[in-house]
Amino acid sequence: MIFLDRLNGIKGPKTPVWLMRQAGRALKEYRDLRRDYSFLQMCTVPELVAKTTLLPVDILGVDAAILFSDILIPLLALNAKIFYHEGTPPVVEIDINNLHYNGLSNKLNFVFEGIKLIKTQTNRPLIGFAAGPFTLFCYLFNDAKFYSPKAFLYQETKKFKKIMELLTTLTIDYLNAQLKSGCDCYQLFDSWAGILPPKIYKEYVFDYNLRILSSLKKPSIYFAHSANHLIDYILDLPTNAYSFDWKVDLKTISKKTDKCLQGNLDNTILLTNKETIKKHTHDVLNNMQGLLHIFNLGHGVLPQTPQDNLKFLVDVVREYNNN
Ligand code: CP3
């Protein structure tokens, strides 16, 4: 299990590979399913969760499966309504001045049932996930530019902290249940942490992430996006691996931490030809040779990525491993 080995700090000659958003619109088999089911159905019917999760394992041969779901799904435990429309940001219907959380109370059982099914169908490590609480908070405002959640943090700081407390408790319960159901590790997607100034991240967000990462018993990966200015704080988070996008040099970061690093091929490279993909994939692998590394993209697979290129990318990593 080279993927779990690297997370656990065990080095080896081979680099494991999986891809954020590996189960999505870039796969024909996913698009075929989506013709029959809405995205929300695909996330809430255990059999569809399991089937979709396993598509990229079977088609691409990646070293880990990631639970098929979405970071907004746990909001259903707060009785939110969530709407997904193709090509636009998701819409969340919730009253942020009247949030209540009284435990998961079976509202997310379809996720845990899905996980149990996946575990009967594959031996590959299974990655669970949740959003970092600030990232989840950002989606409560339906503001594509995320000005409103930031303004709320600055002006309604007390209320902000109360909401973050609630989202943190929800996230810990949710991840705990995923791990108990069979996930081998989890990734905390703090996709929007990078919109904050460093001192604000440290003062208002860091401790909640810290609490989540130190509460859960299985290995974790912390992902942040466009977060170069936060790296020194992020590297203080107690996690097994840090995942960054392509705007940073992973080797430079490796000089500051002994932990595993995940990433960070520019996802746009997958829109080019095979020669270009191979060159840039080798660059990422060469740069991290001898270090604790899990190969991934810097951010999710773009929906318009040719499926052939995804398969080619995974094969290039495999071939590199075998030479
Ligand atoms: O990585 C995987 O394959 C697992 C599944 C997964 C999805 N979303 C499926 C999805 C994961 C791990 C996520 C996480 C997620 N969701 C994040 C964090 C990662 C990141 O990209 O920064 C965020 C910010 C979201 C919120 C979200 N979900 C948005 C903004 C959108 C709409 C934009 C888009 O890509 O269409 C979604 C929908 C979504 N989540 C889709 C998928 C496959 C597309 C749904 C469809 O089929 O139309």
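Two residues count as being in contact here if their C-beta atoms, placed from the backbone, lie within 7 Å. Keep that cut-off in mind, since it decides who meets whom when helices pack. One more thing before we set off: what you're looking at is a predicted model.

Let's start towards the C-terminal end, with helix 13 (residues 274–287) and helix 14 (residues 307–321). On the helix 13 side, the residues that make contact are Lys274, Ile277, Lys278, Thr281, His282 and Leu285, and they meet Asn309, Phe312, Leu313, Val316, Val317 and Tyr320 of helix 14. Sort that contact by class and you get seven nonpolar, three polar and two charged residues. Two packed helices are described by the angle between their axes and the distance between the axes. For helix 13 and helix 14, the angle is about 45° and the axes are 10 Å apart. Angles under 35 degrees count as roughly parallel and those from 65 to 115 as roughly perpendicular, so helix 13 and helix 14 are oblique to each other. Their crossing is right-handed.

Now compare that with a pair from the other end of the chain. Helix 2 (residues 28–36) and helix 4 (residues 46–60) have axes that come within 10 Å and cross at roughly 155°. How do helix 2 and helix 4 run, roughly parallel or roughly antiparallel? Anything over 145 degrees counts as roughly antiparallel, so that is the label for helix 2 and helix 4. The crossing of helix 2 and helix 4 is right-handed. Helix 2 brings Glu29, Tyr30 and Leu33 to the contact, while helix 4 brings Thr52, Leu55 and Ile59. That makes four nonpolar residues, one polar and one charged.

A further pair is helix 5 (109–121) and helix 8 (residues 157–181). The axes of helix 5 and helix 8 come within 8 Å and cross at roughly 25°, and these two helices are therefore roughly parallel to each other. Here too the crossing is right-handed. Val111, Phe112, Ile115 and Lys116 of helix 5 make the contact with Ala177, Gln178 and Ser181 of helix 8. By class, that's four nonpolar, two polar and one charged.

On to the strands. An open sheet of seven strands follows the order 1-4-5-6-7-8-9, and the pairing is parallel. Its edges are strand 1 (65–66) and strand 9 (293–297), each of which pairs on one side only. Inside the sheet, strand 7 (residues 241–243) pairs with strand 8 (residues 260–265) in the parallel sense, over three bridges. If you want a spot to zoom in on, find Ser243, which stands opposite Gln262 in strand 8. Helices come into play here as well: helix 10 (residues 206–215) lies across strand 5 (185–190) and strand 6 (220–224), and it runs at about 175° to strand 5.

Two bits of backbone geometry are worth a look. Most residues other than glycine have a negative phi, and most peptide bonds are trans. Which peptide bond is cis? That would be the one from Gly263 to Asn264, with omega near -15°. Asn264 lies in strand 8, the strand that also holds Gln262. The other oddity is Ser105, a residue other than glycine whose phi is positive, near 30°. You'll find Ser105 in the loop between strand 3 (91–93) and helix 5.

Finally, the ligand. How many residues surround it? There are 23, and the closest are Ala23, Gly24, Phe39, Phe189 and Ser191. Of that shell, 11 residues are nonpolar, seven are polar and five are charged. Phe189 takes you back to the sheet, as strand 5 covers 185–190.

Notes:
Residues are numbered from 1 along each chain as its sequence is written. This is a predicted model: local features need pLDDT of at least 70, side-chain atom pairs count only at pLDDT 80 or more; totals for chains, interfaces and linings use all residues. Axes are lines fitted to C-alpha atoms, for helices over the stretch in contact, and angles run from 0 to 180 degrees between N-to-C directions. Helices (H or I, at least four residues) and strands (E, at least two) are DSSP runs, numbered from the N terminus. A crossing is left-handed if the near helix is turned anticlockwise from the far one by less than a right angle, and right-handed if clockwise. Ala, Val, Leu, Ile, Met, Phe, Trp, Tyr, Cys and Pro count as nonpolar, Asp, Glu, Lys and Arg as charged, and the others, Gly among them, as polar. A residue is near a molecule or strand if its C-beta atom, placed from the backbone, lies within 6 Å of it. Two strands pair if DSSP finds at least two bridges between them.
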